[in-house]
Amino acid sequence: MTRRGIDTVLITGTVTNVCCESSARDASTLRFRVIMTADGNAAGRDEEHNATLHTIYRSFGDVRPTAEVVAMLEGTGVSDGCRCAGS
């Protein structure tokens with residue numbers, strides 16, 4: 001993916017402590033910058049969700065609210081012409 005200029009993976013989805021955490025760990029291992037949106041993920045229980053956010057922040061990437069991620073993207077102009085992995 002880095003040949004396409006992709007260096008960051010944004011993680012959103014369900015189940016924070018299973019699929020989302022696995023994706024974040026894999027991306028980090030592949031040397032991508034990882035940003036997990038705290039309010040853009042969900043788990044069955046708040047305790048599981050919050051524990052995973054803590055783990056990601058401590059070891060694998062950054063955790064930010066969706067509004068902050070959107071503002072970051074708007075500030076860089078990326079939101080206008082996003083270069084996504086699937087494109």
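Start with the outward side of helix H2: the face turned away from its buried side carries the exposed residues Asp46, Glu47, Tyr57 and Arg58. Keep in mind that this is a predicted model. Flip to the other side of H2 and you find His49, Thr52, Leu53, Thr55 and Ile56, which are buried. Looking down the axis of H2, these buried residues fall within an arc of 165°, so they line one face of the helix. The general background is simple: an α-helix has 3.6 residues a turn, so residues three or four places apart point the same way.

What sits on top of that buried face? The cover for the buried residues of H2 includes helix H1 (16–29), S2 and S3. As for the helix itself, H2 has 15 residues and reaches 20 Å from its first C-alpha to its last, close to the 21 Å expected at 1.5 Å a residue.

Now zoom out to the sheet. Its three strands make an open sheet in the order S1-S2-S3, with parallel pairing. The edges are strand S1 (8–14) and strand S3 (62–64), each of which pairs on one side only. Neighbouring strands here are turned by 30° against each other on average, ignoring direction. If you want to look at one pairing in detail, take S1 and strand S2 (residues 33–42): they run parallel and are joined by six bridges. Within that pairing, threonine 14 stands opposite alanine 42 in S2.

With the strands in place, come back to the helices. Helix H2 (residues 46–60) lies across S2 and S3, running at about 170° to S2. Helix H3 (residues 66–76), by contrast, lies across S1, S2 and S3, and runs at about 135° to S2.

How does this read along the sequence? The protein chain follows the pattern β-α-β-α-β-α, built from three helices and three strands. As for contacts, take those in the protein chain with a separation of 6 or more: 71% of them are between residues 24 or more positions apart.

Finally, a look at the chain as a whole. Of the 87 residues in the protein chain, 24% are buried, the five named above in H2 being His49, Thr52, Leu53, Thr55 and Ile56. The accessible surface of the protein chain comes to about 5,700 Å², and 51% of that belongs to carbon and sulfur atoms.

Notes: Residues numbered from 1 in each chain as written. Predicted model: local features only at pLDDT ≥ 70, side-chain atom pairs only at ≥ 80, totals over all residues. Heavy atoms only, no water. Pairing = 2+ DSSP bridges. Helix = DSSP H or I, 4+ residues; strand = E, 2+ residues; numbered from the N terminus. Axes fitted to C-alpha atoms, helices over the stretch in contact; angles between N-to-C directions. Contact = heavy atoms within 4.5 Å. Buried < 20%, exposed > 50% of the residue type's maximum accessible area, 1.4 Å probe, protein only. Areas by Shrake-Rupley, 256 points an atom, 1.4 Å probe, with all protein chains shown as cover. Expected span 1.5 Å × (residues − 1). Arc of directions from axis to C-beta.
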